[in-house]
Amino acid sequence: MKVAGSLASSILTSSFAIPNLRNGEKMLKLILADNQAIFRAGIAKVLAVEDEMRIVAQAQTAEQMFMALDKFRAAVLVVAGGFHNDLNSVVQGANRNKTRVVILADTGESAQRYMANGAHGVVYRNVTSASLVDCVRKVARGETWVQDMAVPSELTENDMVGLRVRDRL
C-alpha cells in the first residue's frame, strides 16, 4: 500500500509493531535513504529476504527521510553518508524516534567522522550482503559496527555481481 501526498511513492506503510512468529521476536523495521536508486534497490533486496527484517520506507530525499522517521518509528535507518549535508540533524531526527543509524559511506571515507557524530554503524558501498545483514542486526541490538575498509576476499557470487554493477556506474 502506498502513502499519498508529499511522502511520494517511495515510502511504504507499515504497522507499529510487527510480530515475528519465531521466538516471539519483533520484526526489525528499516528505513533506507540514499539518492542513488541502484544502491537503495540493492540494499532493499539484500535486507528484505531476511525473515526478521522489513523495509518500511525508502527515501530519495531528506524530506522523505525525516517524514518516514516520524511516521514509522523504525529500528534502523540506513542512510548514505552524503545524503544530507547536516549529519547531526539526521542523527537527532533518528534519536527522537529511537531509531539507530547506519551510514552507507563511500569507499575510502573515514568511519570515525560518522561515529563521532553519533552514527551507530558504518558500512561502505563495497559491503558484502552478509556483512550488511550482520551490521543491521547488531546495530538494532544496541551494538556498534564498523566495516573493515578492505574488500573482503570471501565475496560470494551475488556480491561479485553487485561489484560489477557498481563498477559500471
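Colleague: How many aromatic pairs does the structure hold?

Modeller: Heads-up, this is a predicted model: local features need pLDDT of at least 70, side-chain atom pairs count only at pLDDT 80 or more, and totals for chains, interfaces and linings use all residues. Numbering starts from 1 along each chain as its sequence is written, and side-chain values use heavy atoms, with hydrogens and water left out. Rings of Phe, Tyr and Trp (its six-membered ring) pair if their centres lie within 6.5 Å, where planes under 30 degrees apart count as stacked, over 60 as edge-to-face and the rest as tilted. On that test, the number of aromatic pairs is zero.

Colleague: Which residue lies over the face of F39?

Modeller: A charge sits over a ring if NZ of Lys or CZ of Arg is within 6 Å of the ring centre and within 35 degrees of the ring normal. For F39, at 4.4 Å from the ring centre, that residue is R125.

Colleague: Which strands stand at the edges of the sheet?

Modeller: The protein has six helices and six strands (DSSP runs numbered from the N terminus: H or I of at least four residues, E of at least two). The strands form an open sheet with parallel pairing (at least two DSSP bridges between two strands) in the order 2-1-3-4-5-6. Each edge strand has a single partner strand, so one side of it is left without a neighbour in the sheet: these are strand 2 (53–59) and strand 6 (145–146).

Colleague: And what is the bridge partner of V122 in strand 6?

Modeller: Strand 5 (residues 121–124) pairs with strand 6 in the parallel sense, over two bridges. In strand 6, the partner of V122 is V146.

Colleague: Is R73 buried or exposed, or in between?

Modeller: R73 sits in the loop between helix 2 (62–72) and strand 3. Its side chain makes a 3.5 Å polar contact (N or O atoms within 3.5 Å, one able to donate a hydrogen and the other to accept it; sequence neighbours count only if both atoms are side-chain atoms) with that of N97. Buried means under 20% relative accessible area and exposed over 50%, with a 1.4 Å probe and protein chains only. At 42%, R73 therefore counts as partly exposed.

Colleague: Which backbone nitrogen lies 3.0 Å from a polar side-chain atom of H84?

Modeller: H84 belongs to the loop between strand 3 (76–80) and helix 3 (87–96). Leaving out residues up to four places away in sequence, H84 touches (heavy atoms within 4.5 Å) A62, F66, S89 and V90. The backbone nitrogen at 3.0 Å is that of D86.
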